[in-house]
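Here are some short exercises to work through with the model open beside you. Try each task on your own before reading its solution.

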Amino acid sequence: STCFIPPQNVSPELLAQVEEWTTLIGLELGIRGCFNIQFAIHENLLYVLEVNPRGSRTFPFVAKSTGIPLARIAARVALGDRLSDLDIPEPQTEAVCVKAPVFPFIKLRGLDPAPGPEMKSTGEVMGSHVRASAAYLKARLATELPVPTEGGVYITVKDQDKHSMIPLAERLLGMGFTLYATRGTSRILRGAGGLEVQTCYRIAEGRSPDALDLMRQGKIQLVINTPRSTGGAVLDGNMMRRLAVELNIPFVTTMAGARMEVEAIDEARNGIPEPRLLRIKTL
């Protein structure tokens, strides 16, 4: 997953509840050292998915993002020191930090790069900036996938995402992009949104132009595809995402990802954000 510190869309009330539950769980389980919890929020209710008495891959990212030497603190506590005796700094609040995964799809032929519950990433990168959009752009650039600032965007999203796509499509058009979409998506964008969209065929229809044709012709610089789990769209999506990987065309498969991609594009049009120094206090 792509992770933001501090969170960008969680209420202060829920964050306070996360902190309270984390403290209670750690104390009641008698954990001495580090542990990680996976929380989920559904309909504004907080759930605990799992608790692990160990560090996680996100542990060093949290330390770098907050400026707090978490591993050193956990080691000192595990060796018998008390938290109250340690000089623990306050977390930095001047910048947003973003962690993004790096995937091996180009090296593993035939692997569908659609998201799922299994771990597919082979590394992670980080961006930091006072603006969340610039921090995300830095992380995106570090994945070595291009961030387009012009060209064409291919859009095919499932029914429940079509109306949510309208404001993003408006922004892309406003930035000078050409929009291509399958008939269902283009009908909503053109009808409900009044947007100029070029309609193309689904791959399964066997007619031209479809997404693969447009990508091979160099007309597509970004693919927005929220996959469906049934019907011909499954094979369509697999073929489209595989070709995007092979042609080094960035693609997103969630609406949250699409929103941040549009933010990153807007940010990139103003130039690459300047570097920022990370500071972590030693104990």
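**Exercise 1. Find the element that holds Tyr47, and describe the surroundings of this residue.**

Step 1. Tyr47 sits in strand E3; strands (E, at least two residues) and helices (H or I, at least four) are DSSP runs, numbered from the N terminus. This is a predicted model, in which local features need pLDDT of at least 70 and side-chain atom pairs count only at pLDDT 80 or more, while totals for chains, interfaces and linings use all residues. Residues are numbered from 1 along each chain as its sequence is written, and side-chain values use heavy atoms, with hydrogens and water left out.

Step 2. Strand E3 covers residues 45-52 and pairs with strand E2 (residues 36-42) in the antiparallel sense, over 7 bridges. Pairing requires that DSSP finds at least two bridges between the strands. One of the bridge partners to look for is Asn52 in E3, which is matched with Asn36.

Step 3. The hairpin of E2 and E3 has 2 residues between the strands, and Glu43 takes a positive phi near 50 degrees there.

Step 4. Tyr47 has a relative accessible area of 40%, so this residue counts as partly exposed. The classes are buried (under 20%), exposed (over 50%) and partly exposed in between, with a 1.4 Å probe and protein chains only.

Step 5. Together with Leu45 and Leu49, Tyr47 forms a nonpolar surface patch with about 320 Å² of accessible area. Such a patch joins nonpolar side chains (Val, Leu, Ile, Met, Phe, Trp, Tyr) within 5 Å, from residues with over 30% relative accessible area and no salt bridge. Areas come from the Shrake-Rupley method with a 1.4 Å probe; for residues, only the protein chains shown count as cover. As background, side chains in a regular strand alternate between the two faces of the sheet.

**Exercise 2. Is Thr182 buried or exposed, and what does its side chain touch?**

Step 1. Locate Thr182 in the loop between strand E7 (178-181) and helix H6 (183-191).

Step 2. Its relative accessible area is 6%, so Thr182 is buried.

Step 3. Its side chain makes a polar contact with the side chain of Thr156 at 3.4 Å. A polar contact is a pair of N or O atoms within 3.5 Å; within protein, one must be able to donate a hydrogen and the other to accept it, and residues adjacent in sequence count only if both atoms are side-chain atoms.

Step 4. Beyond neighbours within four places in sequence, Thr182 has contacts (heavy atoms within 4.5 Å) that include Tyr154, Ile155, Cys200 and Arg202.

**Exercise 3. Which parts of the chain does the salt bridge of Glu124 and Arg57 tie together?**

Step 1. The side chains of Glu124 and Arg57 meet at 3.5 Å, N to O. A salt bridge puts a side-chain nitrogen of Lys or Arg within 4 Å of a carboxyl oxygen of Asp or Glu, and the structure holds 11 of them.

Step 2. Glu124 lies in strand E5 (residues 123-129) and Arg57 in the loop between E3 and helix H2 (59-66), so the pair ties together parts 67 residues apart in sequence.

Step 3. Glu124 is partly exposed at 32%, and Arg57 is partly exposed at 38%. Lys99 joins Arg57 and Glu124 in a network of salt bridges.

**Exercise 4. How far apart are the closest N and O atoms of Arg140 and Glu261?**

Step 1. These atoms are 2.8 Å apart, in a salt bridge.

Step 2. Arg140 belongs to helix H4 (residues 132-142) and Glu261 to helix H9 (residues 255-268), so the bridge ties together parts 121 residues apart in sequence.

Step 3. Both Arg140 and Glu261 are buried.

Conventions: Patch = residues over 30% accessible without salt bridge, like charges linked within 9 Å, V, L, I, M, F, W, Y side chains within 5 Å.
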